Protein chains: 2
Amino acid sequence: MKEIDNLLGFRESIKVVDATLRDGGLVNDFYFTDDFVKALYKTNVDAGVDYMEMGYRASKKVFDESKFGKWKFSSDEHIREIVGDNNTNLKLAIMADIGRHDKNDFDEKVNSPVDLVRVATYIHQMPEAIDMIEDAAKKGYHTTCNIMAISSAQESDIKAALRMLSDTPVEVIYIVDSYGSIYPEEMARVVDIYKEYADKYGKTLGIHAHNNQQLAFANTIEACGDGVDWLDATYMGMGRGAGNCSMENLLGFLKNPKYNSNPVYKFLSQYMQKLREDGVVWGYDIQYLITGLLNQHPRMAIQFTKDKRTDYDEFYKEILN
Amino acid sequence: MKEIDNLLGFRESIKVVDATLRDGGLVNDFYFTDDFVKALYKTNVDAGVDYMEMGYRASKKVFDESKFGKWKFSSDEHIREIVGDNNTNLKLAIMADIGRHDKNDFDEKVNSPVDLVRVATYIHQMPEAIDMIEDAAKKGYHTTCNIMAISSAQESDIKAALRMLSDTPVEVIYIVDSYGSIYPEEMARVVDIYKEYADKYGKTLGIHAHNNQQLAFANTIEACGDGVDWLDATYMGMGRGAGNCSMENLLGFLKNPKYNSNPVYKFLSQYMQKLREDGVVWGYDIQYLITGLLNQHPRMAIQFTKDKRTDYDEFYKEILN
């Protein structure tokens, strides 16, 4: 991607993954209407998006079902109500969040509309993540492993995790900048580390970025240019805190003619804008810049946002103390 | 800047230029209160910012003085009312916009609080820009040349302009992404072109980015890593349309201990947030993404914003037609 002819051309191996229901669900506790989800599904199909993440499959033993919308639990039945038999080119994913999932909630692939299980894990949970990957693969699913919060992990631990994953059936390993604290030139170095293992063990790489420093899109296309193939995005960047790489930015950048921005703009006008008007709040703001710069989880910035505070200087002092 | 030791260190030659009054003035027709401007000046001094652009010095023969705030005309008297004798490390700049200026409005430097004249020009206006540069230099000012809208210019014309500037006393040549349509890996190539001439003729390079694709900060630090020394930013990214690289992002990135973010966050809380609450609108939005992607001037997107429209899909069709 870094040479001029590659800039004008495109790479067939690139896959776009819509994570709106899942990462966006963290903003509104997964209370999306069926109308919204059906329109999102149709938009992804029409726009040529490759994968749609249908939410988390969280364990009902861990979370109270009455306190969240259904896309936190994303059962096969819920998914079928939206997609029927999904006779489209769009593939479907769900996320298993290690420690908050139950592998018994995952039926055999042959009985499920889901194609892909994305296993999200902190680096100290790798054995449980690998157990989940192996279980899902055995049941017939494609799998990814999304190692979170790597900006606060040691390089040596990341390498150990990559080595552990090399022996598993996982197909795609994600670089996840959970705190939105990585700069593009650092991203290039992170990709180098991941790529060494990916190339050696036949794995594909993915990128999931956060927008704390207004770099989610920039880091995504940096990684793409460095050889990362699976690119996460969300409509209007909807996602936890500062949100994610926005779908409209990403599809505008990608040159494969199978991608089509028109349905995206329509969905933004008709659905995402409505969420905004209804008072659902996400996206870049100063408080998220501060947690990103300080390489911290955005939870304090999310609380600052909920409290409708704008005393950024006081917030900065609170975080430093 | 691209090697790990340089990432941890800093480059003395980097200068941060606050363009809030000038590019931000395009948002509110330069109607900043004296209280705002004094606080901005003090913040720049306290934050260690190197230059503050005090607005345009537009010709009153071209613009009706009654229709704009004073920072469109930025007389020496107006500036002195804010800065007195400016006994600080902060240097002061004004912008001469070719075709909308009058060189007779520029007194000898010895009589003026201004240190730097920034000459903004489209590429077809180079001879008039050079005339202005030479006049300002002769009067004792430092000068920059900001060649605008380069994403719609031919490389051969850009090279011709750089060759013309090499024979002038101009000290800094700016890369200006007026339409916010350049990607970081393209920026790296643009810098290569400029750097060839800058190195040969002893000029310094600057970068002025727009945020149409959420890349103003990313392009600024890309250029910085490629050897560009003068970095434009505005508080909260305030600037025409999608706005600029934000000061808070940039100072968070730069490692020189002379820069200090605390006064910046305070100014954002006390002054920039107030502008927002008063209904002054700027910053990234879908309509600006669309003009950026299509490499167009943002004027239609600005009108779309003023009309409070959110039918992005219709806007996209209008632009394509």
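**Close-up views of a predicted two-chain model**

**View 1. The end of helix α5 in chain A.** Just after α5(A) comes Gly140(A), whose phi is positive, near 110°. Keep in mind here, and in the views that follow, that this is a predicted model.

**View 2. Helix α5 of chain A along its length.** This helix takes in residues 126-138 of chain A, 13 residues in total. At 1.5 Å a residue they should span 18 Å, and the C-alpha atoms at the two ends do lie 18 Å apart, so the expected and modelled lengths agree.

**View 3. The buried residues of α5(A) and what covers them.** Which residues of α5(A) are buried? They are Met126(A), Ala129(A), Ile130(A), Met132(A), Ile133(A), Asp135(A) and Ala136(A). Their cover includes three strands of chain A, namely β3 (91-97), β4 (116-121) and β5 (142-147). Helix α6 (155-166) of chain A is also part of that cover.

**View 4. Cys245 in chains A and B, without a disulfide.** If you are looking for disulfides, a search of the whole structure finds zero over all chains. Cys245(A), for one, is in no disulfide, and the nearest cysteine sulfur, in Cys224(A), is 10 Å away. Cys245(A) is also buried, with a relative accessible area of 1%. Turning to chain B, why does Cys245(B) form no bond with the closest cysteine sulfur, in Cys224(B)? The two sulfurs are 10 Å apart, which is too far for a bond, because a disulfide calls for sulfur atoms within 2.5 Å. Cys245(B) counts as buried, at 1% relative accessibility.

**View 5. The contact between chain B and chain A.** Each chain brings its share to this interface: 40 residues from chain B and 40 residues from chain A. About 3500 Å² is buried between the two chains, and carbon and sulfur atoms give 58% of that area. On the chain B side, Glu185(B), Gln214(B) and Tyr265(B) lose the most area to chain A, together 19% of what that side buries.

**View 6. Polar contacts and helices at the interface.** How many residue pairs are in polar contact between chain B and chain A? The count is 12, with both residues at pLDDT 80 or more. Salt bridges across this interface number zero. Among the elements of chain B that give two or more residues to the side touching chain A are α1 (4-8), α7 (184-201), α8 (216-225) and α9 (247-253). Also on that list are α10 (262-277), α11 (286-293) and α13 (312-320) of chain B. The most comes from α10(B), with seven residues.

How values were computed. Residues numbered from 1 in each chain as written. Chains lettered and ligands numbered in written order. Predicted model: local features only at pLDDT ≥ 70, side-chain atom pairs only at ≥ 80, totals over all residues. Heavy atoms only, no water. Helix = DSSP H or I, 4+ residues; strand = E, 2+ residues; numbered from the N terminus. Expected span 1.5 Å × (residues − 1). Buried < 20%, exposed > 50% of the residue type's maximum accessible area, 1.4 Å probe, protein only. Contact = heavy atoms within 4.5 Å. Buried area = accessible area lost by both parts, 1.4 Å probe. Salt bridge = Lys/Arg side-chain N within 4 Å of Asp/Glu carboxyl O. Polar contact = N/O pair within 3.5 Å; in protein donor to acceptor, adjacent residues only side chain to side chain.
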